[in-house]
Amino acid sequence: MDLKLYEFQAKKVFAQGGIPVPQGEVVQNADAAARVAQEIGRVVVKAQVHVGGRGKAGGIKLANTPQEARECAEGMLGKPLKGFAVNYVLVEQALDIAQEYYLGITVDRDARRVIIMVSSMGGIDIEEVAATTPEKIAKMHVDPAWGLFDYQLRDLVEQAGLERKAQRQIIDVIRALYNVFQYSDASLAEINPLVVTGGGKVIAADGKFDVDDNALYRQKELLKLREVSETDPVEAYAASKGVAYVKLDGDIGVIGNGAGLVMTTLDILARNGGKAANFCDLGGGAKADTVRQDLEIVLMNPKVRGVLFNIFGGIVRCDEVARGILEATRTMDIKAPIVVRLSGTKAEEGREMLKGTNLIPAETAQEAAKKIIELVGDRGRGIVE
Amino acid sequence: MSILINRDTRVVVQGVTGREGAFHTQKMLEYGTRVVGGVTPGKGGSEQDSVPVFDSVKEAVEKTKADTSIIFVPAPFAADAIAEAADAGVKLVVCITDGVPTLDMVRAAGYLKSKGAALIGPNCPGLISPGECKVGIMPAEVYREGPMGVISRSGTLTYETCDHITNAGSGVSTCIGVGGDPIIGIKFIDALKLFRDDPETKVVIIIGEIGGSDEETAAAYIKESNYPKPVVAFISGRSAPPGKRMGHAGAIISGNTGTPQAKVKAFEEAGVPVGNTLEEVVQLAMAKLAPSS
């Protein structure tokens with residue numbers, strides 16, 4: 001998954017890039033919140049979570065005194081906001097807001113280029129603006145050969161109808177954000193709202209910054225922020241081992257060879273009334289240690305009550321995969337039923353190897369799905385709530 | 001007839017002495033592909049499986065007249081390898097490598113456009129015209145020559161689909177894995193245009209997934225151009241939750257874009273049936289082959 005930074009982390013990155021951000025500090029306890037408010041004066045206390053609509057959910061509060069700041073922080077820290085844990089709050093100078101604009105930079109897949117979007121409709125969900133008043137979003141693509149020309153940015157902010165007096169500052173912010181985007185390998189950089197204060201200053205009042213997963217190998221400083229960011233522990237462990245794993249809601253662990261095949265397996269389970277506990281792509285590895293590692297990871301999720309392997313052997317041979325699974329399970333104490341669908345190269349040989357073991361073979365994905373759902377269902381019936 | 005590659009295609013392998021490059025060079029040679037050279041900077045002058053190795057793609061093209069390249073170079077250097085190939089005059093670049101940084105691809109895509117080279121991938125299994133040429137890593141046994149054109153974002157799903165096609169007694173003209181990344185070369189719409197003009201291809205199968213809007217673009221093209229050949233589709237990830245990247249870098253539902261519902265709808269509105277399983281997709285495609293009474 002792309003590395004999603006919290007607002008306070010995004011603002012740090014922005015500030016390093018020369019983008020004005022509000023004076024403020026991230027804290028983890030109510031006393032510290034009070035201290036920061038004491039230093040700054042009137043502040044906003046903002047819960048740091050990866051979800052939009054914080055304000056409406058009570059995750060952004062104005063505090064006029066240090067005591068108020070303490071109370072706001074106390075009310076947020078350690079309590080879930082829209083289902084997310086709040087471990088940090090950002091205590092920031094309250095701004096005198098005259099205008100709220102939108103600035104976003106991302107990669108446009110269709111154009112194969114970076115796209116910059118600016119709108120006078122800041123402070124709202126940009127998807128809503130795109131749906132109801134798309135003409136209010138001014139866009140431009142950046143030619144990677146030439147980068148940004150100033151005249152393009154002048155045109156962009158004029159098209160978006162941004163306040164003339166603030167345009168030069170905004171252009172500077174856009175250029176700075178584009179540079180940060182490039183050198184940080186971002187996939188998304190958003191400032192919403194980009195505020196123009198009563199005094200005419202342009203400041204990034206909020207910040208969103210996602211870093212391309214594929215580029216993390218060359219973004220070591222940003223990679224360090226991952227432990228701080230909120231990630232499911234099993235996903236974090238899998239990522240550290242380079243295993244393609246995504247946690248889902250259900251109770252049937254899924255492992256397959258190839259992302260498309262794994263996605264399809266999730267679909268087949270869903271269509272038969274089952275719920276996948278995870279997505280896990282074995283990749284090209286049929287070897288015992290790869291299988292073992294992936295199976296261990298899938299079983300780390302306590303919700304898993306059964307596992308489905310979906311293998312279509314191409315160059316990878318099904319008998320090798322069967323050997324790998326058998327070896328792996330021989331040395332692990334697994335109570336959950338495991339169904340293994342083998343098809344393709346040496347499929348019959350592979351299925352033959354599974355006979356007489358406690359691994360259940362299947363020929364088609366449909367068959368395998370039905371089997372595992374039944375097995376997991378049977379076990380479920382025995383449980384007393 | 002096939003599209004893009006045939007028995008005359010001359011292939012250079014970038015990253016030929018690496019583990020993946022060496023293994024698949026051998027497999028391609030076994031298939032009958034004309035692998036005329038390989039490139040690993042620093043190993044020029046040596047041989048890999050009787051294939052001459054060069055230090056640069058430029059030299060390889062000069063000496064062997066290669067027109068197509070396949071890239072097994074590690075992710076940090078893959079986009080550079082793509083650019084190098086295009087600059088050397090390669091007409092079709094096939095990048096197998098997974099994990100290429102997106103902004104590297106933005107740059108490479110722009111460069112390729114200026115050089116007039118076509119790209120397949122990255123993060124793809126390559127392409128195969130059964131009986132003629134394989135420029136990729138797909139399992140050869142699964143493919144037979146025939147009238148189905150296949151375009152897919154998933155590698156393993158193409159193997160399975162083509163296996164079903166073979167079992168149904170039919171075959172494939174060309175099967176192209178366009179790859180699972182957000183920034184790729186040839187897309188569904190580009191392959192559709194090529195299949196449209198290929199007399200051997202009678203039916204096209206599209207294997208799509210969540211993320212992006214290439215399926216919608218293809219569907220719109222099929223509708224607006226009154227596409228002259230039957231198309232059948234499959235979408236994987238129909239049960240995937242939004243916001244989660246499902247393996248492929250490009251397989252993610254972001255807000256309102258990339259949803260499976262939108263893709264299914266777009267196809268159905270274009271008269272393209274969407275199968276619920278790969279078996280169903282192949283059945284639908286086979287039915288389109290049968291002459292109507």
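This report walks through the domains, a sheet, the chain contact and some backbone details of the structure above. Please keep in mind that the model is predicted.

**Domains of chain A**

Chain A splits into domain 1 (1-20 + 96-230), domain 2 (23-94) and domain 3 (233-381). Between the C-alpha centres of domain 2 of chain A and domain 3 of chain A there are 43 Å.

**A four-stranded sheet and its helix**

A good place to start looking is an open, antiparallel sheet of chain A, whose four strands run in the order β2-β5-β3-β4. Its edges are β2 (24-27) and β4 (60-63) of chain A, each of which pairs on one side only. On average, neighbouring strands of this sheet are turned by 20 degrees against each other, direction ignored. Helix α3 (residues 66-76) of chain A packs on the sheet and touches β2, β3, β4 and β5 of chain A. The direction of this helix makes about 10 degrees with that of β3(A).

Within the sheet, β3 (residues 43-47) and β5 (residues 89-93) of chain A pair in the antiparallel sense over five bridges. Here K46(A) stands opposite L90(A) in β5(A). V89(A) touches several residues beyond its sequence neighbours, among them V27(A), V45(A), A73(A) and L77(A).

**The nonpolar core**

In soluble globular proteins, nonpolar side chains tend to be buried together. The largest nonpolar core in this model has 224 residues. Those with the most contacts inside it are V45(A), V89(A), L177(A), I71(B), I82(B) and V93(B). Helix α6 (residues 167-183) of chain A gives the most to this core, with eight residues.

**Where the chains meet**

The contact draws 41 residues from chain A and 46 residues from chain B. On the side of chain A, at least two residues each come from β7 (113-119), β12 (244-247), α9 (259-271) and β14 (278-281). The most come from α9(A), which gives nine residues. Sorted by class, this side of chain A has 19 nonpolar, 11 polar and 11 charged residues.

**Backbone details worth a look**

Most residues other than glycine have a negative phi, and most peptide bonds are trans. The table gathers some departures from that pattern.

| Site | Feature | Place |
|---|---|---|
| N192(A) to P193(A) | cis, omega near 15 degrees | P193(A) in strand β9 (residues 186-197) of chain A |
| G121(B) to P122(B) | cis, omega about 10 degrees | P122(B) in the loop between β7 (118-120) and β8 (126-129) of chain B |
| K82(A) | positive phi, near 50 degrees | loop between α3 and β5 of chain A |
| K65(B) | positive phi, near 60 degrees | loop between α2 (57-64) and β5 (68-71) of chain B |

K82(A) counts as partly exposed because it has 16 C-beta neighbours inside 10 Å. K65(B) has 12 such neighbours inside 10 Å and therefore counts as exposed.

Key:
Residues are numbered from 1 along each chain as its sequence is written. Chains are lettered from A and ligands numbered from 1 in the order in which they are written. This is a predicted model: local features need pLDDT of at least 70, side-chain atom pairs count only at pLDDT 80 or more; totals for chains, interfaces and linings use all residues. Domain bounds come from an automatic or database domain assignment. Two residues are in contact if their C-beta atoms, placed from the backbone, lie within 7 Å. Ala, Val, Leu, Ile, Met, Phe, Trp, Tyr, Cys and Pro count as nonpolar, Asp, Glu, Lys and Arg as charged, and the others, Gly among them, as polar. Two strands pair if DSSP finds at least two bridges between them. Axes are lines fitted to C-alpha atoms, for helices over the stretch in contact, and angles run from 0 to 180 degrees between N-to-C directions. A nonpolar core is a set of buried Ala, Val, Leu, Ile, Met, Phe, Trp, Tyr and Cys residues joined through C-beta atoms within 7 Å. A residue is buried if 20 or more other C-beta atoms lie within 10 Å of its own, exposed if 12 or fewer, and partly exposed in between; C-beta atoms are placed from the backbone. Lists of a residue's contacts leave out its neighbours within four places in sequence.
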